[in-house]
Structures are given as structure tokens and as C-alpha cells.
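Me: I have a model here and would like to go through the reasoning behind its labels. Could you take my questions one at a time?

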Amino acid sequence: MTEKPISFFDLLKTAPLHDPISDQTGQTNEIKTTTCYMCACRCGIRVHLRDGEVRYIDGNPQHPLNKGVICAKGSSGIMKQHSPARITKPLRRITGRDRGESAFEVIEWAQALDILTDRLSKIRATDPKKFALFTGRDQMQALTGLFARQFGTPNYAAHGGFCSVNMAAGMIYTIGGSFWEFGGPDLDQAKLFVMLGTAEDHHSNPMKVALSKFKRSGGRFISINPIRTGYSAIADEWIPIRPGTDGALILSLVRELIATNQIDHEFLKRYSNSPDLVVRDPGPQHGLFLLDSTRPAVSEDLPQNKFAWCLTTNGLVPRETADPATFALDGEFTITEGPHQGVRVATSYELLKQQVQHATPEWAESITGIPAQRIRLLAKELGFAAFQQAFELPIPWTDSWGKAHTHVIGRPVAFHAMRGLAAHSNGFQTIRGLAILMSLLGTIDRPGGFRHKAPYPRQTPPRIRSTSSESQIKPNTPLGAAPLGWPARPEDLAVNDQGEPIRIDKAFSWEHPLSAHGLMHNVITNAVHGDPYPIDTLMIFMANMAWNSTMNTMAIRDALNAKDTQGEFKIPFIVVCDAFDSEMVAYADLVLPDTTYLERHDCMSLLDRPISEFDGPCDSVRVPVVAPTDHCRPFQEVIVELASRLKLPAFTTPEGARKFKGYPDFITNFETAPGSGIGFLAGWRGKDGEKSLKGEPNPEQWKRYAENNCVFHFEMTPSLQYMRNWNQEYIRFAKDNGFRQKEDPIQIAVYCEHLQHFRLAGQGQRPGRQPPDWLRERISTYFDPLPFWYPPLEDEITDTESFPLHALTQRPMAMYHSWDSQNAWLRQIHSHNYLFMNPRTAKASGIADGAWLWVESQWGRVRCMGRYSEAVEPGTVWTWNAIGKSDGAWRLDPGADESRKGFLLNHLISEEIPMKGGSKKISNSDPITGQAGWYDVRVRLRPAGPDEPAISYPQATTPASPGQVPNKKFLAYFTP
Ligand code: SF4
């Protein structure tokens, strides 16, 4: 027998260089666990130190979220720690110098805090809404939101309005939960997985782990996306789609499933409002549910005195107490007897059926570019997985109506979607459509489908109402309601008696009624225009509003520096808190140097955005693994310090003394209500740490987290893990632990009556608050209680023959927004970006692979380099977001590739667009939620001229800020 020759691969079979589960001592002499913040995913990490200095970072195998997996960003955290772009001292703009020049003097923290306390206390004592606090990738919105509310200003939001609020709102108003932190695809039990509009971001490592396992176990993965990158690269099938048309595809699938009877009748009748009867007669009741006045409603928001149509008696029956098996799912009826005699009604499901009647696959093909046959086949595949591959798990549970079930049904078809659907001005209705599609298949909180994560599900919408009256804003008084919430009807809007916005971003106004996350992308423009009013102080945390976090970047930079006729800044005072020398820092009047994530305490709380798993609530913390650099101070500490100095009630004892020593003390001892036992962290509560989820504050709580991988995971019994919208035992558990306010079931809103209340107001059919006349048609059109597809609003005002292409951005896998161009390792992966174009598209415009070209929209133009790519549908061009930088920003050398070859698409996008057929301008956003329409812009291409300089356009300059600690350790990491 001849010996097998040694192959190249045999030579590689040497001992592994690094064993992730071995004892990691070696050259390091200490390992500390904490939570990564190189992106928003929040993986558990181990930081390996030698003599107190970070040597390397790896994934924590004991962590439930990432189970030891780490990505390139996460392991590059060491270079963030030692970045030359760190801001390490408080700075104050030199009087008389312009913003944007980085003309600062170094000051002490004591001075910085005195300046802020003095200014903010005067604002609070006179007109608190003149203080606006907007935060970027903030993972402590429960604290920053509490600060704003205690201060008394409604002008607070985080970045959700320009990120993915459509995803949150579209899903939560429909099924009471959403993708990512609050729910996701159960890939462990799914057979078919359909991903729409998702790049490699949000829930990154857990999604990669789950996809790998899913594919290895034979699951089929279909990606529907204009671009095939990230997760889509490993999809079994890529279905290219035109941007902004997913809603048309979804409606067509809904139509096909209904037409071919591939729907879960039983599920819809019991667990959704599909059989609920809607009044069809014109007038103020049109489109509202028929209510039984002889039975009390549980609340105005959630009437439980509705009717269904009984097929046995051919008449009305109480929706909540009659047997759903007898309900008509479809049909229109005229009531023949009783107090409602003569009223015409239809089931919600019937109205859905009528709504999608026109949405044939051929209709969808003409909009999406996906062949009608493929749409039909996709509907078949969805139905096959849901119904032919269904299974049962022997898990007993009891529903809200007291019926005991011996098992849960698995419908193994799962979906995931993100910003590709959300960042369009038709995103809310598209995502409502997706949630309804999932509901028709019966895949809500069932094995193999979409599953919730605590603290969700919540009511549709949650019972949190935001500020709705100017009377809730008073000097030296906390705000009378939360700054952010979930409006259910026009009375919940943040408008004054004249119907005008009372927030600076116009969130919750008639312009964008359901803007649950605010509209950060309009704050600067509105403030500079004094529309609806001027403000005094704008505080920005971790958002690069002078560059990649804003539309219309160059105009916003000018706006930040705009002065009135007296030479005073139109925004009188800007405070920026950041860890790095970004473009926005240069525009501050006061700069507060934040720490890195390795230098501070943080918590990912169940009151906020936790890391819960399908099987139970989960929260986590960061603990400092190294001391803060130079004068850096965590923003959380600054917030607690300011709140204490301003004597905000929640931070002050009844005697007027300071209540909390600092942020860790606040997190340990704050309770949502005195004695409630519910606080920011759910683990190791109770005096001795023996209680979970609820219990007295435990002074040792941080220590216990640090000893336990910085994570707390409460695994619920299987009977609590499914059907949680209607699971009696789970709902009680959720209420007991503060996740829910009431024990009512959460019915899926196939028909969203809340939207109809707004529509009736728009039509002048409803008493109470009325929209201004110029918005009536807009409200009447878009507040359809059933999903519908309409072209993105920008299409209406664009000559699409002149600007035929869609232009998109994606977050690069190796970087987190603009944060990582100052990271020496990650910068080696991307130091500039290209515009990716299908070769057919590029050639049609005469553009060679690698050549310089102009991309033009009706709002602006950029010059960049292009590359051919077959992984993009021909009607779309795209690039990585935030690689391009202003020259000198982030301490990059002048003339660095990031500024000379890198570019932003933001220059092509306007933050405001003219209303169709009118002279007024309005935010370039979803008309329902205010979600920024990043992906609506239309562009055209042309080659750059041979004499043009080979640098990107436009160019901007950002000088480095003074007085920082130079990076002194950099080279040590390349030598043993
Ligand atoms: S996915 Fe995000 S949180 Fe997880 S290791 Fe990578 S950068 Fe860190």
C-alpha cells in the first residue's frame, strides 16, 4: 500500500495558536470580564491584562449572547483604548472664535460642571424646554430619559428616529414586540428563514452563530435585499429587490397566502383582531370597532367589549367570551336586530383581504423587479414550512381565557428584517405588513418562528403616553409625562391648543404623530430656524451630527455656526460629550471627555434595551477593567452629578441632600417606585443578593455581576417561554416583575384601530384634536389601519427619469458608524470607500471599474471612486457608511485616505423635502413615525472629467482639538 502524500492542509495541522477555552494566563496576569461596546451588539468579552494594561481581548465562552464568539471589531478594542483620537480633557470654545475651528482652551471639570449647572438651572427655572438633550448610540436611555423628564424638558430622544424606529413601531403596534433586543427568529427550530433588508449589523455575533447552526442543520435561508453582502453572502438564495418596494412584495405574499388558503385560521380567530367587527357606515364611527355599550370596556385604549360574527347564530356575539371556533373570519354583514340594527360591519380580516386584492404577483413584479412566478413560489415555500413542517412541543400552558393547552405548535418559518425596510418613508406600513404576514402564518411566539424577549411583549401599543400638553412643562418641575411614548389617539400628541408642535424636533406632532423615538435628524435645522421655537442649550452625546449622523451634512455644519443679525449664535450653547475627536466635537462650546467602554460602569437594563434571550430576561453590565484615561469621566457620572447639583427630585433626598454618590450607587439603589423592588439591574437583588428580577437594593450587586461574567440570565420554565401575548402564567409573571402594567392579553392588531382615530381626525370626522389643514390629506392618506404600499415620498417630488437610481449605505462590518477610523487595526481594513455599481449600470453611464465619477441627486453631488459588483441589483448603487471623514478629524493625518478618497452619501440627502403640491417643507421621514428616509434618495451617475483632481468631493476640514494626552504605548504591542 502506498503512503498517502502529505498535503498542504496536513502542514497546517499544527497546534492551535490560541485555544479560547484554555486558561489564558501566558504573558498576561489578569483576566477581567465585561461587555463589548465596539458595536451595539453587547457581546461578553474577556479582557486580558498584564500589570494592569490591556494586552488583548477575546470572547467570553460563558456569556449567553455570544458564547465566546468575537468579531474583528470586538478584538480590536485595545486600539480604541489607545487611540490617538481620544479626548481626555474638558474643553471650552475660545470666546470670539467660530464653531468648527476646534479653537478650544482646556478647562477643569469643576469649571465645566459649574458652567453647565449655572446655565441649566437658569433654563430650568424659566423655560425648561429650552434645554434639548439628544443622544446617539446611547445604551442608557432609561437614565438620560429620566434626567430629561426630571429636568422638565420634552426635548429628549436618542438616535432611534434616524435608525430603525419604523421597525420598532411597525412591529410593536402590530404584535407587541420587535426584532433585535425585543424578539427575533428562532433559528434553532426553524426550517425556512427569510431575511429582508438586513445588512451585517444589529445582533451581529448571535445572528452569525445562529445562522451557522441553522445552515449546518439543513435550514434554508433566503435573503431578499438589493445588495448581497453580509449575512446575505451565505444565503441559499438571494432575491434582489428594488429599494423601497418590500411592502409591495409583502402585500403580494399576503394576497397569495390568503388566495391559496395557507393561513392559520385558528390562530387568527383566537389571537388576533381578525374576527373583530369594524363599522363600515360613513360617519364618526367609520372604521372603528363596533362596541357593546352594555359591557364595560377595560380601558379606552383596549376596549374588550367588541363583537364577532357568529356563524352558528348568524348574528353578533361578544368577542372576548364567545367560542372563537364559531367566529366568521371573513365577511361583511348587516346587523338585523338589537341596538345596532341596520349597522353594516365587516371583520378586520375581510378588510385585509379587500385591501390586498389588487396586490397580484404581477403587480408586485412591476414594482419590485421580482418575477411573479418567484413570488408565487415563495408564498408556497412559506406555507409549506408553516403548515407541512409544523410540529408540536409537549409544553403545557394556559391561555388568557383559562383554556389549558397540552402543547405548543411549532410553525418553523422565521423572518428577520432591519434598516433596509425601516429607513424608507413607507417603512412603517411595510413593517406592519411583514408583522401581519408572520401572523397569517401563525408564527408569533411559537417554536421556529418569531419569538419575544423580555420585557416584551407589551400592549399594542404599550401604555406609555408622552407629553401631550404645554401645561405638563413647568419651571423647576419634572415633566408631567414621559418625553417619549406610544400615542394611541390624537389626544396623545405633543401639540399645543393651536395644534402646533411642542417639541423642538416636532415629534408626536401632526407632522409625524407616532414618532416613538423622536426626530434627532431635524433638531439642528428646527433650532436654527426657531421653528417651532428657539432653544438655548443643545446637549449631544455620542452623535456625529456635523458629519455622518446627519443628512445634508455641509448645510448642517453651516447651521451649527449660524448667527443672527446681532452676531449671536442661533443655537446659543452646544455641549458635546464624546470619547473621540469627531467632527461634531469641533462645533461644541463645551466638550466633556467621555471614557471608553473599558473604563466605566454601564448597564444594559430591562428598563431599557437589555440582552434578553428567548428563554428569559437577561441583563448585563460593564465594569471598569482599567482606570479612566487622564481627565475622562463617564457620561453617566456626569448625568448623575448634574442631576444632583440641579436637585432634580429623583436624585435628591426629601431633606434636599444629594441622594446618590455616583452612577454605580444610583444603579444599585434607584427603584422605579419607592419600595417596588424593581431597579435598573435584575440580578442578585435583595439585601443578600438572593432575589432575582425584583427585591430590595443589594449593596453588593455590582460585585456579584463582576463575579458572574457581568451578566444575569433568568431562565423561565418552558411553560412561560411561548405564546406570551396570551399566556396567563407568563402575563402574571411579567406584571409581577414590572414588564407589564396589566394582565390583559395582547391581541395581534391585523387592523390597527389607533391609526383610524388619526385618519378620522384628518378627514374631519372625529371630534377632538384636529390636524392643521395643510396636513389633513397627508394624515388621511397614510394613517390607513391596514398596511398598504406607496412609493417613498421622495419619488413624488423627483424626476425619476433624470435620477433613475437608488443610492444606499450600509454599516461596514469592520466599523461601527464613524467610531473606528481612529482604530489602528480596523483602519487597515477600510481607509476609503467605493461606490459599488452593477457593471451594466456603470457601463451604461460610461464609467470604468475603479474610475472617479460623480453621483448626483437633486439635493447635491459627490465625487468618488466606483467599483463594479455583481452583488447589487442594477437599479441600485451603494457604499459603506461613515468611512469618509472630514480632513483632520479623528486625529487622522491631513490628507489621509479617509478624507481624500473616502466619501459620504449624506451630501446627496436632504433632511427636509417640499410637501407634494405645496410650498411647505417637511422632514424627509416616514409620515407616521418620523423615521429618517435615508434610503429614499434617487441619483444618477456620470464619469468625472479627465482633468478633475483625484480626490473626493466635497472636502471639509476639522482641525484637531488641543491639549490631549499623546498616545505613548502604541508600539509596545508589536514587541514581545
Ligand atoms: S459583534 Fe459587536 S459587541 Fe460583539 S464582539 Fe463584535 S463589536 Fe463587540
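Me: Which helix and which strand each supply at least two residues of the lining of the second largest pocket?

Reply: Happy to help, and please keep in mind that this is a predicted model. The elements are β8 (183-185) and α7 (204-216), each of which supplies at least two residues of that lining. α7 gives the most, with five residues. The second largest pocket has a volume of about 600 Å³. Its lining has 25 residues, and the closest to the centre are K67, D188, A210, E613 and F614. By type, the lining divides into 10 nonpolar, seven polar and eight charged residues.

Me: Now the rings. Why is the pair of Y271 and W401 called tilted?

Reply: A search of the whole structure finds 43 aromatic pairs. For Y271 and W401, the centres are 6.3 Å apart and the planes make an angle of 45°. The limit for a pair is 6.5 Å between centres, and tilted covers angles that are neither under 30 degrees nor over 60, so this pair is tilted. The pair links distant parts of the chain: Y271 is in helix α9 (residues 265-271), W401 is in the loop between β18 (397-398) and β19 (404-405), and they are 130 residues apart.

Me: What makes Y271 buried and W401 partly exposed?

Reply: Y271 has a relative accessible area of 6%, and buried means under 20%, so Y271 is buried. W401 has 25%, which lies between the 20% and 50% cut-offs, so W401 is partly exposed.

Me: And what makes the pair of W363 and W789 edge-to-face?

Reply: Their planes are 80° apart, with 6.4 Å centre to centre. Edge-to-face needs an angle over 60 degrees and a pair needs centres within 6.5 Å, so the label follows. Here too, distant parts of the chain are linked: W363 is in helix α11 (residues 361-368) and W789 is in the loop between α22 (773-782) and α23 (793-796), 426 residues apart. W789 is buried, with a relative accessible area of 18%.

Me: Which residues do ring pairs link into a cluster?

Reply: The cluster is made of F267, Y271, W397, W401 and W726.

Me: How do you know that the charged end of K129 sits over the ring of Y533?

Reply: The charged end of K129 is 5.0 Å from the centre of the Y533 ring. The distance limit is 6 Å, with a further condition of 35 degrees from the ring normal; K129 is listed as sitting over the ring. Likewise, K920 lies over the face of W774, at 4.7 Å from the ring centre.

Me: Why is helix α5 (residues 141-151) called mostly covered?

Reply: Because 10 of its 11 residues are buried, including L143, L146, F147 and F151. What covers them includes α4 (109-126), β6 (131-135), β7 (156-157), α17 (635-645) and α18 (663-669). Just after α5, G152 takes a positive phi of about 105°.

Me: One more: what makes L646 buried, and what is L646 in contact with?

Reply: L646 has a relative accessible area of 10%, under the 20% cut-off, so L646 is buried. L646 is found in the loop between α17 and α18. Leaving aside neighbours within four places in sequence, L646 is in contact with T117, L120, S121, R124, F147 and F151. F147 and F151 are among the buried residues of α5.

Terms used
Residues are numbered from 1 along each chain as its sequence is written. This is a predicted model: local features need pLDDT of at least 70, side-chain atom pairs count only at pLDDT 80 or more; totals for chains, interfaces and linings use all residues. Side-chain values use heavy atoms; hydrogens and water are left out. Rings of Phe, Tyr and Trp (its six-membered ring) pair if their centres lie within 6.5 Å; planes under 30 degrees apart count as stacked, over 60 as edge-to-face and the rest as tilted. Helices (H or I, at least four residues) and strands (E, at least two) are DSSP runs, numbered from the N terminus. Buried means under 20% relative accessible area, exposed over 50%, partly exposed in between (1.4 Å probe, protein chains only). Contact means heavy atoms within 4.5 Å. On a 1 Å grid over the protein atoms alone, a cavity is a set of points where a 1.4 Å probe fits but cannot get out, and a pocket is an open set with protein on both sides within 12 Å along at least five of seven lines; lining residues have an atom within 4 Å of a point. Grid points are joined across faces, edges and corners, and a volume is the space filled by probe spheres set on the points. Ala, Val, Leu, Ile, Met, Phe, Trp, Tyr, Cys and Pro count as nonpolar, Asp, Glu, Lys and Arg as charged, and the others, Gly among them, as polar.
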